[in-house]
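User: I should like to learn how to read the contacts of aromatic rings in a structure. Please show it to me, and we may go through it together.
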Amino acid sequence: MPERNVMVISHLWTTNTICKNYCDGIKENSDNYCFVDYMDLYVQAGKNLFEKRIEDMIIEKKINYIFFILGSSDLTFDIHFIERLSGLSFIVMNFFDTEYFFDSSDKYYAQAANLVLLPDYLSKFRYELLNINAMCSFSLFSKSRYSYCHNLEKNIDVSFVGSLLTKNRKEYIDYLIGNNIKIEPYGEGTSNGYTNFADMLNVFRASKINLNFTSTNADSSLFGLNIKNRIKQCKGRPIEIALCGGFVLSEYAPGMEKMFEIGKEIDVFRTKEELLQKIRYYLVNEKEREDIAKRAHDRAIRDYDARTAFTRIFNNLDAYEKRDSNIYIDKDFIRNYATFRFLYIGLFLLNKKYKNAFEEFCVFLKYRKINFHSLRMHCRYVASIFFYKHKRTKNLLRNILGLPKYAYNAPSKAELT
């Protein structure tokens, strides 16, 4: 068997550890491992040098597997650059939130991959319809970061960790409070505020019932359409809760029964009335609740630990060959890709890399198409980075410009250089 010389192209966000979990799982299954922080390298080097350095590393290190673990809706990469890489190595691409970004970006990049990994079961068939190999792994986590504490006192009746600014969540929480349910919410818009990772895990362990919601405000996302607010998404949170030994009561999303067996490993609700009914039931029926949580924990350890999951994935990679080598692009993708250049133009200007900014502008001039909604989002982000670096002016102008309170995912070292 040839050595697994693996390159992972990703970025380790400070506010979300999911990419770190994937990178750890891939590394533990590699003979030789190479990590490329694509966001930092792109800001440091600019488009042309960025592409050259990656290609040189692939040849020098004899990379035979490349994993793209990218941020949702990220359009950093020239699709023809990825197409060139597919002639050098076996390419696996993972797409988070593909339920929302399949049409705007994911399906186009996926054409260059031998295999697409997805956290969503139903999305697999959308790729298969385009003659692209796809596998649903659901979300993967490093079990070493999540521990199951036996006999821990559960002193929280019901908890929820997440933003209450997202569609319908506050309505559900208020409904429970109005019906005398003792619930502790944590996150944006809650009385408890944000909680760090360690405290979040303690909440999962200490709660008799952990709630999970599956709606997302798609209209606040890049390339979002209001119709996407109907989507219910299979999130990774139930797996995180299960890894800690917590009981999960989740809003239903299509395909969730493939993640866990409903009624045996987790339970679900579809309306606030059903949610209230099931909370009352499981608060009383402790043994049934704990048995369900134990089975969910066993399933999460078996199927969703990143190390063991990537062992299975690597063992099956040889079965996948690209079904079609043609790359098709459409005007919507071109418009979104061209507009994304303004994000990097702004970052290059902030870092006084005028040559690289001009390089990006030339890419835009090649296509001359703009998605104005996305352009506004990119400008807001670059402005938030500027005010992150110049905090004295941030508070003065935040309300005037409508800047976000937090730069999404926090700026990387390269962005702040």
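Analyst: Let us begin with one residue: Y304 is buried, since its relative accessible area is 3%, where buried means under 20%, exposed over 50% and partly exposed in between (1.4 Å probe, protein chains only). This is a predicted model, in which local features need pLDDT of at least 70, side-chain atom pairs count only at pLDDT 80 or more, and totals for chains, interfaces and linings use all residues. Residues are numbered from 1 along each chain as its sequence is written, and side-chain values use heavy atoms, with hydrogens and water left out.

User: How is a pair of aromatic rings described?

Analyst: A pair is described by the distance of the ring centres and the angle of the planes. Rings of Phe, Tyr and Trp (its six-membered ring) pair if their centres lie within 6.5 Å; planes under 30 degrees apart count as stacked, over 60 as edge-to-face and the rest as tilted. The whole structure holds 35 aromatic pairs. In one of them, the centres of Y22 and F310 are 5.9 Å apart and the planes stand at 75°, so this pair is edge-to-face.

User: Are Y22 and F310 buried or exposed?

Analyst: Both Y22 and F310 are buried. For F260 and Y304, the centres are 5.8 Å apart with planes at 75°, so that pair is edge-to-face. F260 has 0% relative accessibility and therefore counts as buried.

User: Which residues do ring pairs link into a cluster?

Analyst: The cluster consists of Y38, Y42, F50, F68, F77, F81, F340, Y344 and F348.
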